[in-house]
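Subject: Structure handover

Hi,

Here's the structure I promised to pass on, with my notes underneath. Have a look at it first, then read on.

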Amino acid sequence: DRLSLPSGDENIEAHFERCTNLLLRRRLIVVATLFAILSPLGTLVGVLTGNFKSAELLFRGVSMVLLGSLALLLHRTREPRLSLLRCVDFLVLLTPVISVCYTEWFMLNHYIKTDSLPEIEALRILTVLVASMLVVIYNGFIPSTWIQTAVKSTVVLFVPMAVLAVHRRIHDYHHGDGFIFYSGLTCSL
């Protein structure tokens, strides 16, 4: 894994690509492992707040196993191709996004059942903040081109917003003018 000077038969571009792939591999191992460790914390929060669902335990378990498996795959593959690294990159990023969407969907259902409509606006703001933090931290740590970063950022910001919009459309509720939410989304963008 050590980065070294190019050998006599390796040109500078190939050496740079190999070093970038190794850096991407190492960082994806770190992020996948960290997300795998953090995945069960959402379930713990649910247990402590009394909002625990058995389906959530299954979902968090699958997330933890998937992320741990991806970290192990990269750890065992010493010089992976860039295409494999980008697939792992996509899966590692998509897992917490799906987790955020899963959590927000069931929290919204809970707020509707308990008639806590003011909490919906707070959840919308929290969703924007979590997505924004994920964009900044993930894209700041994982090397990629500006186009890849723009695509990943768009997915991370807009998938949870789409879940909110679909939920609102299905359950036909209207609360708040959304000024704070849209201000937060504008700042995120």
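Let's start with a charged pair: the side chains of arginine 86 and aspartate 89 form a salt bridge, with N and O 3.0 Å apart (that is, a side-chain nitrogen of Lys or Arg within 4 Å of a carboxyl oxygen of Asp or Glu). The two sit three residues apart in helix H3 (residues 82–113), so about one helical turn separates them. Helices here are DSSP runs of H or I with at least four residues, strands are runs of E with at least two, and both are numbered from the N terminus.

Before going further, the small print. This is a predicted model, in which local features need pLDDT of at least 70 and side-chain atom pairs count only at pLDDT 80 or more, while totals for chains, interfaces and linings use all residues. Residues are numbered from 1 along each chain as its sequence is written, and side-chain values use heavy atoms, with hydrogens and water left out.

Back to aspartate 89, which has a second partner: its salt bridge with lysine 152 has the closest N and O atoms 3.1 Å apart. Lysine 152 lies in helix H5 (residues 146–171) and aspartate 89 in H3, so this pair ties together parts 63 residues apart in sequence. Salt bridges with shared partners thus put Arg86, Asp89 and Lys152 in one network. The count by this rule is two salt bridges. What about burial? Aspartate 89 and lysine 152 are both buried, and aspartate 89 has a relative accessible area of 3%. (Buried is under 20% relative accessible area, exposed over 50%, partly exposed in between, with a 1.4 Å probe and protein chains only.)

Zooming out, the protein chain has six helices and zero strands. Of its 189 residues, 36% count as buried. Among contacts (heavy atoms within 4.5 Å) between residues at least 6 apart in sequence, 71% join residues at least 24 apart.

Now the nonpolar cores, meaning sets of buried Ala, Val, Leu, Ile, Met, Phe, Trp, Tyr and Cys residues joined through side-chain atoms within 4.5 Å. The largest has 25 residues, and Leu28, Phe35, Val92, Leu134, Tyr138 and Val156 touch the most other members. Helix H1 (12–49), helix H2 (54–76), H3, helix H4 (117–141) and H5 each supply at least two residues to this core, with the largest share, seven residues, coming from H1. Another core lies apart from it and holds nine residues, including Leu108, Ile120, Leu123 and Leu164. As for valine 156, its contacts beyond four places in sequence are Leu93, Val97, Ala131, Leu134 and Val135.

How do H4 and H5 pack? Their axes are 9 Å apart, at an angle of about 165° (axes are lines fitted to C-alpha atoms, for helices over the stretch in contact, and angles run from 0 to 180 degrees between N-to-C directions). That makes H4 roughly antiparallel to H5, a label for angles over 145 degrees; under 35 is roughly parallel, 65 to 115 roughly perpendicular, and the rest oblique. On the H4 side, the residues that meet H5 include Arg124, Thr127 and Tyr138, and among those they meet in H5 are Lys152, Ser153 and Val156.

One last residue to click on is serine 153, found in helix H5. Serine 153 is buried, at 14% relative accessible area, and touches Val135 and Asn139, leaving out residues up to four places away in sequence.

Cheers
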